[in-house]
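Let's take a walk through this structure together, going from its broad layout down to single residues. Have the sequence and the model open side by side as you read.

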Amino acid sequence: MQLIEKAPAKINLGLDTPYHHQDGAEEWNMVMTSVDLADYVEIQTLTKHKRIRVASDSGFLPNDQRNLAYQAAHLLQTQFNVGEGVNIRIKKNIPVAAGLGGGSSDAAAVLRGLNQLWQLGLSWQELAELGLQIDSDVPYCVYGRTAHVRGRGERITPLSKLPAAWVVLAKPKVSVSTPSILQQIRYDDLDHPDIDALLRAVRDQNITEMCAVMGNVLEPLTAHRYPEITQLKQQMMKFGADAAQMSGTGPTVFGLCSKQSRAQRVFNGMKGFCREVYLVRPLP
């Protein structure tokens, strides 16, 4: 049996970490949404053996146990003692190591797909809790819709859809290691965004207020190491974005636009500064 799961990219409209736990893991307080830039994950179950194989059309992805999609299949296979193997083929459209959650979304797609193919009967919340064993973004990616994300990443509260908006994504030619950025966090020095105000703006469908209160507590850390991030933000605002911000630990910068014509102008302008630029919509 086989199926194809869509694995959309995510962006962080708001990202804060108020403290870390005793084991060193961060406590998160985030507002996330998914956009219509997506990988496509083909999942085929195999009855003759228990091997897990992963292939992709990207030369930047490992195809072994380091791949998060592989880890997702292995987690379900061992947790529920499934005697079948899996072939996973990933068509990559989301840039790798970009702060857009591509690997986590691929893993979430495998969790959703194998839950169906293996008839495990798990709820999304149960899949999200399992996904936390793979990466902190996987639980959100299981849901793949605008949500308030707390805890270590496993507490997902879906929100109403965003007001009409267009998003321009621009990824500079650098790749960011998430662990290296998280190691730099000094909690006393962080400038925390107002996540409660952002949640109110989303609930009120007020895009002007959303743009005013968006924030990413990790952006100064990554931008200090990669000045291109600040330069891309400045260019986006110059071309007319209503707001511009780094997603995740970076380096991708996104611009939020309330009007399609303005988003098109930002997109056209950014293509002169950056090879990887995308014009997308938030998913409904």
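**Two domains and what lies between them**

The centres of domain 1 and domain 2, taken over C-alpha atoms, are separated by 23 Å. Their contact takes 26 residues from domain 1 and 31 residues from domain 2, where contact means heavy atoms within 4.5 Å. Domain 1 covers residues 2-158 and domain 2 covers residues 166-280; such bounds come from an automatic or database domain assignment.

A word on the ground rules. This is a predicted model, in which local features need pLDDT of at least 70 and side-chain atom pairs count only at pLDDT 80 or more, while totals for chains, interfaces and linings use all residues. Residues are numbered from 1 along each chain as its sequence is written, and side-chain values use heavy atoms, with hydrogens and water left out.

UniProt adds its own view of the chain. Its unreviewed entry lists residues 67-145 as "domain: GHMP kinase N-terminal" and residues 200-273 as "domain: GHMP kinase C-terminal". UniProt positions are given in the numbering used here, feature names are shortened, and annotations may be inferred rather than shown by experiment. In the model, residues 67-145 are 53% helix and 9% strand, with end C-alpha atoms 23 Å apart. Residues 200-273 are 55% helix and 15% strand, and there the end C-alpha atoms are 34 Å apart. Helices (H or I, at least four residues) and strands (E, at least two) are DSSP runs, numbered from the N terminus.

Now let's visit strand 5, residues 147-151. Four of its five residues are buried, buried meaning under 20% relative accessible area, exposed over 50% and partly exposed in between (1.4 Å probe, protein chains only). Strand 5 runs antiparallel to strand 2 (residues 26-46), and five bridges join them; two strands pair if DSSP finds at least two bridges between them. Here Met 30 stands opposite Val 149. Strand 5 is also joined to strand 6 by four antiparallel bridges, with Ala 147 opposite Pro 158. The hairpin of strand 5 and strand 6 has three residues between the strands, and Gly 153 in this hairpin takes a positive phi near 120 degrees.

A little earlier in the sequence, look for Asp 137 in the loop between helix 3 (124-131) and helix 4 (138-143). Why does Asp 137 count as buried? Its relative accessibility is 15%, and the cut-off for buried is under 20%. Leaving aside neighbours within four places in sequence, Asp 137 is in contact with Lys 10, Met 32 and Ser 104.

Moving on from strand 6 (155-158), the loop that leads to strand 7 holds Pro 163. Pro 163 is buried, with a relative accessible area of 10%. Not counting residues up to four places away in sequence, Pro 163 touches Gln 205, Asn 206, Ile 207 and Met 210. Pro 163 and Pro 282 are 119 residues apart in sequence, yet their C-alpha atoms are 9.3 Å apart in space.

After that loop, how many residues of strand 7 are buried? Six of its six are. In a regular strand the side chains alternate between the two faces of the sheet. In strand 7, Trp 166, Val 168 and Ala 170 point one way, and Val 167, Leu 169 and Lys 171 point the other way. Strand 7 pairs in the antiparallel sense with strand 10 over five bridges, where Ala 170 stands opposite Val 253. Strand 7 also pairs in the antiparallel sense with strand 11 (residues 276-280) over five bridges, and Val 168 stands opposite Leu 279 there.

Our last stop is helix 9. The expected span of a helix is 1.5 Å times one less than its number of residues, so the twelve residues of helix 9 (residues 228-239) should span 16 Å, and the end C-alpha atoms, 16 Å apart, agree with this. Which residues of helix 9 are buried? They are Ile 229, Leu 232, Gln 235, Met 236 and Phe 239. Seen down the axis of helix 9, these buried residues fall within an arc of 125 degrees, so they line one face of the helix; the arc is that of the directions from the helix axis to the C-beta atoms. What covers them includes strand 7 (166-171), helix 8 (219-225), strand 9 (243-246), strand 10 (253-257) and helix 10 (260-270). On the other side of helix 9, Gln 234 and Lys 238 are exposed. Helix 9 is followed by Gly 240, which has a positive phi near 120 degrees.
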